[in-house]
Amino acid sequence: MLRLSHLGKKYNGLPVIDQFDLDIEKGSFSVLIGPSGCGKSTLFDLLTGTIEREYGTMEWIGEAVPHLGQIAAYMQQKDLLLPWLSLMQNAMLPQVFSKEKHLRKNKKAKGLFERFGLNGFEDYLPGAVSGGMKQRCALIRTLMFEREIVLLDEPLSALDAITRRSLQSLLLSLQKDFKKTVLMITHDIDEALYLADTVLVLTQAPMKIRDRITLPSEKPRNLDSSEYIAIKKRILSELEEEMQL
Ligand SMILES: Nc1ncnc2c1ncn2[C@@H]1O[C@H](COP(=O)(O)OP(=O)(O)OP(=O)(O)O)[C@@H](O)[C@H]1O
């Protein structure tokens with residue numbers, strides 16, 4: 001389990017995150033959804049160790065850790081591929097930090113290119129492929145880090161609806177086939193309901209968990225069913241209330 005206890009961070013003397021607690025089951029897919037500016041990216045920066053927390057603790061499987069820098073792979077909204085490297089070279093970047101055999105990693109990357117529909121594009125530069133293909137490559141690179149936790153900060157928000165849905169299916173396989181613990185930020189309620197085991201609705205800053213919704217285990221889901229329409233309404237009204245505060 002990932003356990004965050006009493007985390008806190010201030011900017012210019014104002015608390016963005018204050019006494020923030022969160023438990024995430026190992027192997028689960030949790031989605032954070034909250035008003036703009038409530039502190040989601042700040043939380044990820046604390047988790048990755050990009051910024052230092054002022055107080056609070058983090059535990060991963062019962063052990064206190066300073067941050068998740070060595071435990072989590074992080075993927076952001078922007079693909080952040082290096083434009084002068086081919087897709088395969090970008091995907092293989094984690095190899096630079098790994099002591100493992102190049103051959104095994106290479107085989108793994110090739111398998112992922114096939115699975116993610118990028119075979120034949122290994123030698124293309126990022127500038128020569130679509131946004132969806134770049135995000136798929138970024139996702140492969142995230143998997144190449146072979147970390148137990150995957151942090152996703154709005155990874156699909158820049159994509160069109162059709163591309164987005166096909167990548168959502170790939171994200172589902174992150175958890176199912178690769179047994180990752182996934183924590184994702186999104187502004188898209190449908191995306192949250194399609195992917196999550198647990199949806200965490202957040203308050204305005206200082207950020208707290210306002211609602212924790214455990215979804216039925218069946219996936220993929222039919223979001224047109226009355227059950228999901230009701231959950232969607234619940235989340236929407238909670239977010240509207242937060243935005244009016
Ligand atoms: N480096 C910084 N210096 C000062 N204030 C900051 C800094 N980074 C973030 N903030 C402030 O902290 C608050 C939370 O920002 P953060 O980016 O974490 O929100 P968010 O929930 O990720 O927003 P969005 O959904 O719009 O991406 C905002 O008020 C923001 O202005």
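Let me start with one residue, threonine 42, which, once its neighbours within four places in sequence are left aside, is in contact with Lys9, Tyr11, Val16, Ile17 and Ile51. What we are looking at is a predicted model, so please hear every value I give as computed from that model. Threonine 42 lies in helix α1, and with a relative accessibility of 11% it counts as buried, since buried here means under 20%.

Threonine 42 has company in this respect, because helix α1 is mostly covered, with 7 of its 9 residues buried. Those buried residues are Lys40, Thr42, Leu43, Phe44, Leu46, Leu47 and Thr48. Just after the helix comes glycine 49, which follows α1 and has a positive phi, near 85°.

Two of the contacts of threonine 42, Lys9 and Tyr11, also meet each other in a particular way, in that the charged end of lysine 9 sits over the ring of tyrosine 11, at 5.3 Å from the centre of that ring. A second arrangement of this kind involves arginine 165, whose charged end sits over the ring of tyrosine 194, 4.1 Å from the ring centre.

Let me stay with rings for a moment. How many aromatic pairs does the structure hold? There are 2 of them, and the one I would like to describe is formed by phenylalanine 44 and tyrosine 74, an edge-to-face pair with 6.0 Å from centre to centre and 70° between the planes. Phenylalanine 44 belongs to helix α1, residues 40-48, whereas tyrosine 74 belongs to strand β6, residues 72-75, so this pair ties together parts that are 30 residues apart in sequence. Is each partner buried, or partly exposed? Phenylalanine 44 is buried, at 0% relative accessibility, while tyrosine 74 is partly exposed, its relative accessible area being 28%.

Now to the packing of two helices. In general, two packed helices are described by the angle between their axes and the distance between the axes. Here, helix α3, residues 102-115, and helix α4, residues 131-144, have axes that come within 10 Å and cross at roughly 145°, and the crossing of α3 and α4 is right-handed. Which residues make the contact? From α3 they are Lys105, Lys108, Ala109, Leu112 and Phe113, and from α4 they are Ile140, Leu143 and Met144. Sorted by character, the residues of this contact of α3 with α4 divide into 6 nonpolar, no polar and 2 charged.

Beyond helix α4 we come to glutamate 146, which is placed in the loop between α4 and β7, the latter being residues 149-153. Glutamate 146 has a positive phi of about 55° although it is not a glycine, and at 29% relative accessibility it counts as partly exposed. Asparagine 12 also has a positive phi, near 50°, in a residue other than glycine, and it lies in the loop between β1, residues 2-11, and β2, residues 14-24. Asparagine 12 is exposed, with a relative accessible area of 81%.

The backbone has two further places that I would ask you to find on the structure, and both involve a proline. The peptide bond from alanine 205 to proline 206 is cis, with omega near -5°, and proline 206 lies in the loop between β9, residues 198-202, and β10, residues 209-214. The peptide bond from lysine 219 to proline 220 is cis as well, again with omega near -5°, and proline 220 is found in the loop between β10 and α7.

Lysine 219 brings me to alanine 196, which, not counting residues up to four places away in sequence, touches Phe29, Val31, Leu215, Lys219 and Arg221. Alanine 196 lies in the loop between α6, residues 189-195, and β9, and it counts as buried, at 0% relative accessibility. From alanine 196 to leucine 172 there are 24 residues in sequence and 8.8 Å in space, taken from C-alpha to C-alpha.

I will finish with serine 226, which is found in helix α7, residues 226-244. Is serine 226 buried or exposed? At 62% relative accessibility, serine 226 counts as exposed. Serine 226 and leucine 171 are 55 residues apart in sequence, and their C-alpha atoms are 25 Å apart in space.

Notes: Residues numbered from 1 in each chain as written. Predicted model: local features only at pLDDT ≥ 70, side-chain atom pairs only at ≥ 80, totals over all residues. Heavy atoms only, no water. Phe/Tyr/Trp six-rings, centres within 6.5 Å; stacked < 30°, edge-to-face > 60°. Helix = DSSP H or I, 4+ residues; strand = E, 2+ residues; numbered from the N terminus. Buried < 20%, exposed > 50% of the residue type's maximum accessible area, 1.4 Å probe, protein only. Lys NZ or Arg CZ within 6 Å of the ring centre and 35° of its normal. Axes fitted to C-alpha atoms, helices over the stretch in contact; angles between N-to-C directions. Left-handed = near helix turned anticlockwise from the far one by under 90°. Contact = heavy atoms within 4.5 Å. Nonpolar A, V, L, I, M, F, W, Y, C, P; charged D, E, K, R; others polar.
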